[in-house]
Amino acid sequence: SHLDITGAGLSEDNAQLHIHAVTHGEGAQRPRVAVTGSGGAQEHPMLPNPAQENAWITTLPYPPPGDLQVSLVHGGGYVGDDHWRVTLPEISRGKVDWRLTALPKPPALAAADADQGGILVLPLDRLSTPLPDGPFIAVHPGFAANGGTGIGTFMDDHPLLKGVNFDVLENLSPKPLALSPGQLPGLFAVLRGQAGGAEPGSGLWIAARHDPPSAIIPFGPLSGEAERLVSLRLMANALQFASGMAEARPLRPDFLGPDGKAVMNASLESQTHRPLAPHPGYTALRSPLGPNNQGPSQVPSETAAGAQEIRVLAPWFLVLALVLAAVERLIGPNWSRKGAG
């Protein structure tokens, strides 16, 4: 069993808490879950999780931050992983100093000046030299002035490229960034076009900075469908990257025993339905690995030796059979004529 959180993203929706459970063995019933927090205790049904066999999930509005206890009702014969406690963190709204006119500020983000901790979001031509001390996202209308080149080098698995369709991006071929020499220190290339040279800043489509996290991305116009979708995806990635929330932060609950104390490694003890040894089969006669290729063969040494001997002699038996068939074909007619005389 485990917990995870889905944030509100860039919408005005509330964050959600997801509770997962997996049942093992035959005859397992649909579980229910009891949740106890600052608002009291409530019981909720669980629904099948289509992403995994024998898995269940329930989704709840995100509770107030603090300690939360979760228990599976009638969780089965082993109770070591049916009760757990977790401390929920506070989910705060991101702060931005939004200076774009082409796109309104997402409603989930709070307005704050850059000197008050807000992420500065502005057009590239208004970016200062040298670069701002705090996190920033600078956008340039690269899609409006098609550069006409294909994709060159890029950083694999970078958060700014998450979910970006490279085929669509290459068809759009954004114009390279126009950066001054004073803006280059601290930046690195996330994605270049094929026309980019070896000199710093040449052919940049997307650039970033590690500390504090910042990004420069192509954006707009939003009138075309492809330009709009790629622009919004890049902006969402840039907001996650600049806020330091580009990677998931899993919750790590404490499993509680009947005495209320934490159970160490409880999740490793719950799958008691598994057999203690693989089922016997004929795999050991064909492979040096045991049944289902999961380990050394458990067949007695005499049997294994006999199987090896059969494998060695089998080709010679076949050769002998072919020789006997050929001899029979040669001497068979002569034998028949002598018998007839």
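Reader: Which residues have the most contacts inside the largest nonpolar core?

Author: This is a predicted model. Its largest nonpolar core has 32 residues. In soluble globular proteins, nonpolar side chains tend to be buried together. Those with the most contacts inside this core are I137, I206, I217 and M235.

Reader: Which element gives the most to this core?

Author: Several elements give two or more residues to the core. Among them are the strands β9 (95-98), β11 (119-123) and β12 (136-140). The helices α1 (166-172) and α2 (225-242) are also on that list. The top contributor, with 7 residues, is α2.

Reader: What is I137 in contact with, leaving aside its neighbours within four places in sequence?

Author: Take the contacts in sequence order. I119, L120, V121 and L122 are in contact with I137. So are A215 and I217. The list ends with M235, A238, L239 and A242.

Reader: How many residues are in the second, separate core?

Author: This core is separate from the one around I137. Its members include L17, V35, W56 and L72. Its residue count is 18.

Reader: Which strands are the edge strands of the open sheet of 8 strands?

Author: The strand order is β10-β9-β11-β12-β16-β15-β14-β13, with mixed pairing. An edge strand here pairs on one side only. The two that do so are β10 (110-111) and β13 (151-154).

Reader: What is the bridge partner of K95 in β10?

Author: β9 and β10 pair in the parallel sense. They do so over 2 bridges. In β10, the partner of K95 is A110.

Reader: What angle does the direction of α2 make with that of β16?

Author: α2 packs on the sheet. The helix touches β9, β11, β12, β15 and β16. Its direction and that of β16 make an angle of about 175 degrees.

Reader: Is H44 buried or exposed?

Author: H44 is found in strand β4 (residues 40-45). Beyond residues up to four places away in sequence, H44 touches R32, V33, V35, T58 and L60. Its relative accessibility is 17%. Buried means under 20%, so H44 counts as buried.

Reader: Why does N54 count as partly exposed?

Author: N54 is found in the loop between β5 (47-48) and β6 (55-61). Partly exposed lies between the buried limit of 20% and the exposed limit of 50%. N54 falls in that range because its relative accessibility is 45%.

Reader: What separates the C-alpha atoms of N54 and V22?

Author: N54 touches A21, V22 and T23, not counting residues up to four places away in sequence. N54 and V22 are 32 residues apart along the chain. Their C-alpha atoms are separated by 5.7 Å.

Note on methods:
Residues numbered from 1 in each chain as written. Predicted model: local features only at pLDDT ≥ 70, side-chain atom pairs only at ≥ 80, totals over all residues. Heavy atoms only, no water. Helix = DSSP H or I, 4+ residues; strand = E, 2+ residues; numbered from the N terminus. Buried < 20%, exposed > 50% of the residue type's maximum accessible area, 1.4 Å probe, protein only. Contact = heavy atoms within 4.5 Å. Core = buried A, V, L, I, M, F, W, Y, C linked by side-chain atoms within 4.5 Å. Pairing = 2+ DSSP bridges. Axes fitted to C-alpha atoms, helices over the stretch in contact; angles between N-to-C directions.
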